[in-house]
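Me: Could you take one stretch of this protein and look at it closely with me? I would like to know how it is covered, what it pairs with and what sits around it.

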Amino acid sequence: MKVTEHIQNAQGKSLFSFEILPPVKGQNIQSIFDGIDPLMEFDPPFIDVTYHREEIELKELPNGLLEKKIVKKRPGTVGICAAIQNKYQVDAIPHILCGGFTKEDTENFLIDIDFLGIQNVVALRGDAIKSEIYFKPEREGHHYATELVSQISNLNNGIYLDADLQNTSKTDFCIGVAGYPEKHMEAPSIDSDIYFLKQKIKNGADYIITQMFYDNQKYFDYVAKVRAAGITVPIIPGLKPIATKKQLNLIPHRFKVDLPDDLIMAVVKAKDNDAVKQIGIEWCIAQSKELVKAGTPVLHYYSMGKAENIKAIAQAVF
Ligand code: FAD
């Protein structure tokens, strides 16, 4: 079922969903199930699986020369989605990127997931890889998620890259896109970011899922701005509980989101990582309860495969 249908069927009740990432190469599928099993009692209507593109690694050889190696550390997005749908009968949502994909790769990826009975996809640009400063698309790839959304919409209308294809079948994907309550790090202003968000919706996206935030007011203000821009699709908040002291610096650095002073001070004063984890859980419970009260359609948790803290939050909220 599509995400938008799950939301309609819930008739105003807030749903619980979460996101996992494929394990590093070498681990088996059980590590994925171990992260999902404890959360199934909260009836997630869908589970997202992130996509991780290839990276370039430079390895120093004994003669001092550098060997360039292309590595994909977390393969398996589509396989994990198929395994989730098969084992749990829950909709699994693969993320798909512009980065690392030619348009042909994108079309073939979409055909694969369509054949697997996957009805939802989250369309993203992806970040620059470590060896680049700015995001660089493939030669035959998309520059922005707006273009990727258009390609998916085209396929939903039976329009393939090869215009000569006859009697083509149509896909029927429900398309999610990213939104940034504290604006995307490269956007010159929140208004320009929302302008391009609107393009993604015009091109066929069905719902928005947000970057994490730790101050609900930022989400509420963002929703108001997005609505004022004429966007009416569901806006699903993304939540990630703090679990380590290191994240105080890592999260703002990596995701360009601010942390509220009260949360920072509580984490700074915590005596060990167990105490930090508890603070993160309590903060996220308070955020979640307020979002549920505000009638938010779905609360989406970035579990990163660590179910323990998300379970504690879900127990208190759902
Ligand atoms: P876009 O919507 O393309 O926007 C990128 C920037 O360009 C923005 O600043 C925007 O304002 C601007 N822009 C957009 N269109 C135009 C245009 N036509 N002209 C000029 N400027 C434009 N990354 C992964 O690698 N794998 C994942 O699985 C993954 N999952 C994610 C899930 C969520 C919910 C979120 C919020 C992010 C996720 N990311 C993931 C990270 C994401 O790939 C990065 O944040 C990336 O930098 C931007 O992706 P986007 O789809 O928002 O890009």
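Reply: Happily; here is a walk through strand 9 and its partners, followed by a few other spots worth a visit.

A word on the ground rules: this is a predicted model, in which local features need pLDDT of at least 70 and side-chain atom pairs count only at pLDDT 80 or more, while totals for chains, interfaces and linings use all residues. Residues are numbered from 1 along each chain as its sequence is written, and side-chain values use heavy atoms, with hydrogens and water left out.

Strand 9 spans residues 235-239, and five of its five residues are buried, meaning under 20% relative accessible area with a 1.4 Å probe and protein chains only (exposed is over 50%, partly exposed in between). Strands here are DSSP runs of E with at least two residues, helices are runs of H or I with at least four, and both are numbered from the N terminus. In a regular strand the side chains alternate between the two faces of the sheet. In strand 9, both faces are covered: Ile-235, Pro-237 and Leu-239 are buried on one side, and Ile-236 and Gly-238 are buried on the other.

Now for its partners, where pairing requires that DSSP finds at least two bridges between two strands. Strand 8, residues 207-212, runs parallel to strand 9 and is joined to it by three bridges. One place to look is Met-212, whose bridge partner in strand 9 is Gly-238. Strand 9 also pairs with strand 10 (residues 298-302), again in the parallel sense, over two bridges. There, Leu-239 stands opposite Tyr-301.

The connection from strand 8 is nice to trace by eye: strand 8, helix 7 (residues 216-228) and strand 9 make a right-handed β-α-β unit. Right-handed means that, with the strands pointing away from the viewer, the path from the first strand over the helix to the second runs clockwise.

Tyr-207 is a good residue to follow within strand 8. Tyr-207 counts as buried because its relative accessibility is 0%. Beyond its neighbours within four places in sequence, Tyr-207 is in contact with Val-233, Pro-234 and Ile-236, among others, and its list also includes Val-3, Ile-93, Val-122 and Cys-174; contact means heavy atoms within 4.5 Å. Tyr-207 and Val-233 are 26 residues apart in sequence, but their C-alpha atoms are 5.2 Å apart in space.

Cys-174 appears once more in the surroundings of Lys-2, which touches Gln-119, Asn-120, Asp-172 and Cys-174 when residues up to four places away in sequence are not counted. Lys-2 lies in the segment before helix 1 (3-10). Lys-2 counts as buried because its relative accessible area is 16%.

Elsewhere, strand 3 and strand 4 (residues 66-71) pair in the antiparallel sense over six bridges, with Ile-56 opposite Ile-70. These two strands form a hairpin with five residues between them, and Gly-64 in the turn has a positive phi of about 90°.

Most residues other than glycine have a negative phi. Gln-89 nevertheless has a positive phi of about 55° and sits in the loop between helix 3 and strand 5 (91-97). Gln-89 counts as exposed because its relative accessibility is 64%. Asn-167 also has a positive phi, near 50°, and is in the loop between helix 5 (145-156) and strand 7 (174-179). With 80% relative accessibility, Asn-167 is therefore exposed too.
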